[in-house]
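Please look at the sequence and the fold together before reading on. The paragraphs below take up strand pairing and then a point of backbone geometry.

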Amino acid sequence: MATIEPYETKAGKRYQVRYRKPDRTQTKKRGFKTKRDAQLFLSSNEVAKAKGEFIDPGAARVLVGSLGPAWLKRQTHLKPSSYRPLEIAWRIYVAPRWATVPVSEVQKTDIQEWVSRLTVGDNTVKPPVTAKSATTVIRAFGVLASILDGAVDDRRVLVNPARGVNLPRKGKKAHVYLSHEQVHELAAESKYPTLILVLAYCGLRWGEATGLRVKHLDMLRRRMLIEENAVQVGAIIEVGTPKNHQKRTVPFPKFLSDQLAVQCEGKGRDDLVFSDEKGNYLRLARVHEDNMSWFAGAVKRSGIPRITPHDLRHTAASLSVSAGANVKAIQRMLGHSSAAMTLDVYADLFDEDLDAVAAALDQAVSQSDVPKMCPKP
């Protein structure tokens with residue numbers, strides 16, 4: 001049963017409330033200047049317990065810095081390549097601002113100010129904050145919001161103050177599509193010409209191509225089995241399943257058969273099709289001018305627009321659409337979760353289809369018995 005008890009301090013009489021939490025353990029809160037204040041606290045506490053909204057003051061005082069590492073440890077469902085950006089976001093952007101703040105004191109307005117500062121930068125603070133990309137800001141916010149979601153689930157706070165915060169909009173990066181001629185010019189200048197052609201005509205992700213083994217090639221049916229993904233996370237190559245954990249079969253054009261056969265000469269079934277001189281996984285081809293890789297060098301020598309290896313995946317989609325492939329086939333080749341996703345990502349490739357719709361409707365009306373309508377003067 002709850003009680004209100006007076007006690008003496010140097011500043012005068014004060015009151016404390018002894019009460020039971022929903023788990024029936026007893027606790028107390030001290031420091032009320034009047035008995036009425038103590039009674040109001042007790043009454044509101046009883047109402048909160050009855051409505052299932054009770055928050056343990058001790059649990060609410062925990063610091064965000066204590067919850068963040070625990071939240072990261074629970075992300076065991078993520079692949080290393082997905083986990084690493086979250087860990088970086090916590091360490092570089094979230095922890096420096098929020099680690100020392102009790103979870104109950106996190107305010108929505110403070111979160112909005114933090115998001116805005118990351119978005120536009122701030123030279124009035126030390127050290128100055130430089131503006132970050134929308135992707136970086138949204139990821140950092142997502143980490144904080146998810147930590148606070150956990151605090152709500154654990155009854156540390158009643159609501160998540162991060163929900164409803166305005167976030168920057170991500171601009172859609174324009175895709176770079178190469179022509180057949182440009183693809184072959186790039187391959188001719190490259191240290192790994194067959195790899196360039198596979199990326200540009202089969203639409204594999206970098207890790208899928210560099211994880212491809214001899215046993216994954218069916219030379220008679222001209223198919224590649226994509227079941228391994230070698231992703232570089234920091235300095236480590238993490239080998240796992242393809243994105244979405246979905247295996248798939250990808251066709252390759254006939255002109256690649258001889259080149260792939262040469263690529264596999266002298267190799268065992270478990271050897272990598274594309275590897276470095278020691279037979280190890282190829283490292284991610286960087287494109288920065290100050291760290292010229294074999295790929296960046298080939299791009300510069302060939303004179304094509306500046307691209308990344310992933311842009312060759314976009315080129316594969318473009319060349320397939322130009323060749324008349326349907327959306328479902330392109331979806332399966334690229335490993336998208338749905339044809340709708342393929343259409344969303346590559347909507348610009350289907351602009352000519354809109355013209356075809358208008359032309360088809362015009363032809364249908366012209367061949368029908370619909371009376372022609374004259375414009376009114």
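In this predicted model, Arg222 is placed in the loop between β4 and β5, and its phi is near 55°, a positive value in a residue other than glycine. Is Arg222 buried, exposed or partly exposed? With a relative accessible area of 31%, Arg222 counts as partly exposed, because that value lies between the limits of 20% for buried and 50% for exposed.

The two strands that flank this loop belong to an open sheet of 3 strands, ordered β4-β5-β8 and paired in the antiparallel sense. Its edge strands are β4 (217-218) and β8 (248-251), each of which pairs on one side only. Strand β5, residues 223-226, is joined to β8 by 4 bridges in an antiparallel arrangement, and within this part of the sheet Ile226 stands opposite Arg248 in β8. As a general matter, strands of a sheet pair through backbone hydrogen bonds, either parallel or antiparallel.

Antiparallel pairing is also found between strand β1 (residues 3-9) and strand β2 (residues 12-20), which are joined by 7 bridges. A hairpin connects β1 to β2 through 2 residues, and Glu8 stands opposite Lys13 in β2.

A positive phi in a residue other than glycine also occurs at Arg155, where the angle is near 65°. Where does Arg155 lie? Arg155 is found in the loop between α6 (134-153) and α7 (180-188), and with a relative accessible area of 30% it is partly exposed.

Notes: Residues numbered from 1 in each chain as written. Predicted model: local features only at pLDDT ≥ 70, side-chain atom pairs only at ≥ 80, totals over all residues. Heavy atoms only, no water. Pairing = 2+ DSSP bridges. Buried < 20%, exposed > 50% of the residue type's maximum accessible area, 1.4 Å probe, protein only.
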